[in-house]
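Please examine the structure shown below, together with its sequence. The paragraphs that follow lead through helix packing, buried residues, cysteines and backbone geometry.

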Amino acid sequence: SGFFMRPDEFAPEPVEILAWVETLEAVTEWERYEAIFPVPPGEGEGAGWALGLAKSLANVRTSLQENGLMCASAARVMEGSVENDRWVALAELEVEVERRMSSWGYLSKNAQLARGAVTLPGGVEHVIIAGVLDLPAVTTRLLEKSGLQVSVLLAGTNEDDFDEWGRPVPDWIDRGIDWPAIGSVTLTGDPRQQAELALRHVAEAGCGSDDVALATGDDEVSGELVSAFGRSGWVIHDPSAARPSPIAGWLSCWRHYLENNGVAEVIDILSFTQSGIMAKGKRARRLDALSQLRDQWLVRSADDITRAGNLIARDLEQSTQESKVRRLTGNQESAQLGAETMANLEQWRGPFFGQAFHGAMRSLLKVIDSDGESGAAEWLDSTAAAAKQVKRSAGFWIELLLGSLDLVPETAPKDRVLDVHGWLELLHQPASCLVVCGMNEGKIPGRTSSDTWLSEATRVRLGLVHDGARAARDAYLLTALMKSREKHGQVHL
């Protein structure tokens, strides 16, 4: 369904967040928005204070996309409710955000979805929806207006169990669910114990790995499954496993260095292998030299290193004792290497103050992300036009970039025998032996976030996915998984 929620043109997420920041920090009369902010935010704060709040409000708009809503249209739906004043005030802010993005040459995704600006590929005459249990309302409206033939395919025995778009009806929540005809149900909240039990059930099933479906509804259990099976010689892969962007830690240290070009900050930067080229080689030696100077001579800046070097040179001239001369000679070499290192890093720091952030960052990416794995280059492309319209510090841009970097998926081992599936993927798994872990409270049935803007009652009123709909979906899914293996299979929960 995600395909049908991508308009033809829309502002990238960081651009929308930037528009919210600019709008919030430009507000001078907070009385207009007292329903949202009884206490004016940002008083006494420096530029960039609104970034966290901007992300929160942008997330509210992202949730509204499920039903193709703007804050203004949501406010109309909420008219007469206790939440109405808040939504009206948010809609007023949204008008300013939309106006700002329009002046930059962007259209928001919410605005595009609200007007149905999604173009289907040419030549498509028939859309088949197979096993999609929670199709968003904005997608169903698009398909209804398209005039295309639409077929909805689901596993079931009674059409009345679903609405016209294949979504399980609410009374699934109240239906009893039989325990597996062949299999087991074990109650344990410990992830490691769940993984050990899953291993035992798979081993005892007597099935080939291609006839086993292993799944979890809780990401916390996934890593334990990989470890438990690995200890027994089974190589399995968790597709949801991901590591932070390879440049996330480095960028965080670089942001601190831009704010304060001290010895401690340079030491942090040199702890990353990407910094070797920037320091002009000898990264480990330079790191040791600066650490020694900080510990023995209490240096905190390049100027301190220069003063320490002068003191070391003076003491060296006056010393005659061989052991002291050796020690001071080593200190002098460290001071020279430390001063050179500080100067080398300063050459990369300078452009961030002398030119636009995006140009300086592109040059830096050639060194710290030469293979482009992080996606930072694409981020720079997507925000370049908006960057010309605002004046923001390099530190702000880096913080915005850090919030946009995606996790990097772990590479699947070539010799793996099983994958750990997600809960919603199981409807498409034909394996006769099914083992599901992580059916923990809040995971299955799934729950929406605890967003203060979008309570359960508000979600229902706005036509968004809510806990009741997810509970019905998961009740049907569990029933279907066991029913399909009732005669020829086994299910372990």
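In this predicted model, the axes of helix α12 (residues 302-318) and helix α13 (residues 322-349) approach within 9 Å of each other and cross at roughly 155°. Because the angle has this value, α12 is roughly antiparallel to α13; angles over 145 degrees are counted in that class. The crossing of the two helices, α12 and α13, is left-handed.

The residues that form this contact can be listed from both sides. Helix α12 contributes Ala302, Ile305, Gly309, Ile312, Ala313, Asp315 and Leu316, which meet Val325, Leu328, Thr329, Asn331, Gln332, Ala335, Gly338, Ala339 and Met342 of α13. Sorted by class, the contact of α12 with α13 comprises 10 nonpolar, five polar and one charged residues.

One participant, Leu328, merits a separate look. Leu328 belongs to helix α13. Is Leu328 buried or exposed? Its relative accessibility is 1%, so Leu328 counts as buried, the cut-off for that class being under 20%. With residues up to four places away in sequence not counted, Leu328 touches Ile312, Asp315, Leu316 and Ser319. A distance across the model may be set beside these contacts: the C-alpha atoms of Leu328 and Asp163 are separated by 82 Å, and the two residues are 165 residues apart along the chain.

Helices α12 and α13 also serve as packing partners for helix α10. Helix α10 (residues 263-270) is mostly covered, with six of its eight residues buried. The buried residues are Val263, Glu265, Val266, Ile267, Ile269 and Leu270. They pack against α9 (248-259) and α11 (283-297) as well as against α12 and α13.

The loops that follow α10 and α11 hold two residues with notable backbone angles. Most residues other than glycine have a negative phi, and most peptide bonds are trans. Lys282, in the loop between α10 and α11, has a phi near 55°, a positive value in a residue other than glycine. Leu298 lies in the loop between α11 and α12, and its phi is likewise positive, near 55°. Leu298 is exposed, its relative accessible area being 65%.

A further backbone feature is a cis peptide bond, which joins Ile444 and Pro445 with omega at about 0°. Pro445 is located in the loop between β9 (433-437) and α18 (456-462).

Attention may now turn to the cysteines. A disulfide is a covalent bond between the sulfur atoms of two cysteines. How many disulfides does a search of the whole structure find? The search finds zero. For Cys437, the closest cysteine sulfur is that of Cys433, and the two sulfur atoms are 11 Å apart, which is too far for a bond; a disulfide would require sulfur atoms within 2.5 Å. Cys437 is buried, with a relative accessible area of 5%. Cys71 is buried as well, at a relative accessible area of 0%.

The last stop is Arg86, which is found in helix α4 (residues 84-103). Apart from neighbours within four places in sequence, Arg86 is in contact with Ala35, Ile36, Thr452 and Trp453. Measured against helix α13 this is another region of the chain to locate in the viewer: Arg86 and Gln347 are 261 residues apart in sequence, and 49 Å separates their C-alpha atoms in space.

Note on methods:
Residues are numbered from 1 along each chain as its sequence is written. This is a predicted model: local features need pLDDT of at least 70, side-chain atom pairs count only at pLDDT 80 or more; totals for chains, interfaces and linings use all residues. Side-chain values use heavy atoms; hydrogens and water are left out. Axes are lines fitted to C-alpha atoms, for helices over the stretch in contact, and angles run from 0 to 180 degrees between N-to-C directions. Helices (H or I, at least four residues) and strands (E, at least two) are DSSP runs, numbered from the N terminus. Angles under 35 degrees count as roughly parallel, over 145 as roughly antiparallel, 65 to 115 as roughly perpendicular and the rest as oblique. A crossing is left-handed if the near helix is turned anticlockwise from the far one by less than a right angle, and right-handed if clockwise. Contact means heavy atoms within 4.5 Å. Ala, Val, Leu, Ile, Met, Phe, Trp, Tyr, Cys and Pro count as nonpolar, Asp, Glu, Lys and Arg as charged, and the others, Gly among them, as polar. Buried means under 20% relative accessible area, exposed over 50%, partly exposed in between (1.4 Å probe, protein chains only).
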